[in-house]
Amino acid sequence: MTSDISSATDFTPTPRVDSEVGPLRTVLLHRPGLELKRLTPRNNDQLLFDGIPWVGRAQEEHDAFAETLRSRGVEVLLLADLLRTALEDQRARAAGVYAAVEERELGIDLADALRSHLSTLAPPELATVLMAGMTFEELPASEGASLVRHMHQPHDFAIAPLPNLLFTRDSSAWVSDRVAVSSLVMPARRRESSITDLIYAYHPRFAKTSRAYGAHSAPLEGGDVLLLSQGVLAIGVGERTTPAGAESFARSVFLDGLAHTVLAVPIAQERATMHLDTVCTMVDRDAVVMYPAIRDSLSAFTLRPDGAGGVTVDGPSPFLSAAAAAMGIDRLRVIDTGLDAVTAEREQWDDGNNTLAVAPGVVVAYERNVETNARLEDAGIEVLRISGSELGSGRGGPRCMSCPVLRDSL
């Protein structure tokens with residue numbers, strides 16, 4: 001079942017996201033496909049996976065995830081469907097081909113030949129190449145000599161696959177009625193932004209969408225962006241989002257009137273804490289699930305507009321108190337990951353903190369994080385458990401795998 005909508009209609013609601021926990025109405029997912037079958041022990045580290053997933057099982061798990069959301073009344077948009085529709089526009093095809101073919105790596109002649117070939121493909125075939133890549137043995141036959149072609153092995157990539165497309169949260173994030181297209185920092189992921197960019201530019205569903213941030217700006221990733229409440233954003237600054245990215249994004253949302261406060265939150269530059277949502281996500285209007293090892297040490301710089309187009313910076317101060325003050329509440333309730341230090345570390349690594357809220361007090365979480373889920377339920381949070389034994393091999397949970405496009409206001 002897919003839910004791609006190929007033409008904008010009067011009754012299609014306008015995308016808008018003002019919080020992390022408002023009732024979820026529309027979400028963008030990507031069902032894993034051929035790009036995951038490109039992973040091997042030789043390239044999985046470079047492509048940012050900790051193992052080689054069983055693709056069929058990963059697809060089954062993802063289908064169950066999507067069905068869990070649909071059972072709660074959520075419209076599920078699938079990225080591959082949207083991409084195929086967007087590529088019906090000639091401008092989108094040209095943009096996709098331009099982003100995929102690296103002249104510096106292939107050389108002028110081979111790059112030109114590959115661009116010409118890709119330009120002849122129908123939208124479904126081109127979409128597959130843009131997502132799954134192309135090996136040298138899959139290149140069309142060429143005339144003349146190519147040193148590049150001779151010196152690569154048949155299974156080397158002329159166009160690299162994008163297995164991390166699964167994590168749709170990272171390449172874009174909605175703030176109010178605008179979309180921020182991320183500037184992804186890891187080489188294996190940079191081209192993902194070009195795909196989300198052309199979907200938002202050329203799919204009829206998003207014809208009137210304005211941008212809150214652009215893919216060519218300073219590094220910023222959607223997994224680091226939390227909408228704590230309307231007008232209040234937290235941005236993790238660590239392995240994937242730089243201080244310049246956080247400041248640039250803050251200036252942008254202030255200029256557009258999308259926020260009045262941005263909290264820049266330093267996090268460790270480690271794989272276990274690659275994004276802010278690996279250590280903290282919201283599960284209710286006033287509650288977060290958080291890795292206890294950083295609960296007392298997590299801090300935040302508070303950014304606000306200075307009235308002259310710039311920003312003021314205060315702090316750092318403790319994150320929890322800075323967040324509560326910006327949100328206008330007495331305190332944030334904190335639900336710890338795990339039960340003890342060892343369990344907490346294990347369940348944080350297994351994305352116990354990476355929950356997706358479908359409504360206030362209702363979240364999707366991986367079933368394997370038994371202690372964290374029990375703590376959530378003890379705190380009055382309804383937990384919708386899904387399997388993630390294969391999906392989690394790329395280090396991402398339900399929040400990472402989902403980009404909310406429409407939430408009801410709280």
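User: In which sense do strand β1 and β19 pair?

Analyst: The model is a predicted one. In it, strand β1 covers residues 24-29 and is joined to β19 over 4 bridges. Within this pairing, Thr-26 has Leu-406 of β19 as its bridge partner. The sense in which β1 and β19 pair is antiparallel.

User: Which are the edge strands of the open sheet in the order β2-β1-β19?

Analyst: This open sheet is formed by 3 strands, and its pairing is mixed. From one strand to the next, the twist averages 20 degrees. An edge strand pairs on one side only, and this holds for β2 (75-78) and β19 (403-407). The edge strands are therefore β2 and β19.

User: At about what angle to β1 does helix α2 run?

Analyst: Helix α2 comprises residues 55-71 and lies across β1 and β2. Helix α3 (residues 79-86) also packs on the sheet, touching β1 and β2, and its direction makes about 60 degrees with that of β2. For helix α2, the angle to β1 is about 165 degrees.

User: Is α3 roughly parallel or oblique to α10?

Analyst: Helix α10 spans residues 192-202, and its axis lies 9 Å from that of α3. The two helices pack at an angle of about 60 degrees. Angles under 35 degrees count as roughly parallel and 65 to 115 as roughly perpendicular, so an angle of about 60 degrees falls in neither range. Helix α3 is therefore, with respect to α10, oblique.

User: How many residues of the contact of α3 with α10 are nonpolar?

Analyst: The crossing of these two helices, α3 and α10, is left-handed. From α3 the contact draws on Leu-79, Leu-82, Leu-83 and Ala-86, which meet Ile-195, Thr-196, Leu-198, Ile-199 and Tyr-202 in α10. The contact has no charged residues and 1 polar residue. The number of nonpolar residues is 8.

User: Why is α4 described as roughly parallel to α7, and at what angle do they pack?

Analyst: Helix α4 (residues 90-100) and helix α7 (residues 123-132) have axes 11 Å apart. Angles under 35 degrees count as roughly parallel. Helix α4 is roughly parallel to α7 because their packing angle, under that cut-off, is about 25 degrees.

User: Which residues of α7 make the contact with α4?

Analyst: The crossing of α4 and α7 is left-handed. On the α4 side, the contact is made by Arg-93, Gly-96, Val-97 and Ala-100. The residues of this contact divide into 5 nonpolar, 1 polar and 1 charged. The residues of α7 are Pro-123, Leu-126 and Leu-130.

User: Which residue of β15 stands opposite Val-289?

Analyst: Val-289 points one way from strand β12 (residues 287-290) together with Ala-287, whereas Val-288 and Met-290 point the other way, and all are buried. Strand β12 runs antiparallel to strand β11 (residues 280-284), and these two form a hairpin with 2 residues between them. With strand β15 (residues 333-336), by contrast, β12 runs parallel and is joined by 4 bridges. In β15, the residue opposite Val-289 is Ile-335.

User: Is Thr-302 buried or exposed?

Analyst: Thr-302 lies in strand β13 (residues 299-305). Beyond four places away in sequence, Thr-302 touches Thr-261, Val-262, Leu-263, Thr-312, Val-313, Asp-314 and Ala-322. Its relative accessible area is 10%, and the cut-off for burial is under 20%. Thr-302 is therefore buried.

Methods. Residues numbered from 1 in each chain as written. Predicted model: local features only at pLDDT ≥ 70, side-chain atom pairs only at ≥ 80, totals over all residues. Heavy atoms only, no water. Axes fitted to C-alpha atoms, helices over the stretch in contact; angles between N-to-C directions. Parallel < 35°, antiparallel > 145°, perpendicular 65-115°, else oblique. Left-handed = near helix turned anticlockwise from the far one by under 90°. Contact = heavy atoms within 4.5 Å. Nonpolar A, V, L, I, M, F, W, Y, C, P; charged D, E, K, R; others polar. Buried < 20%, exposed > 50% of the residue type's maximum accessible area, 1.4 Å probe, protein only.
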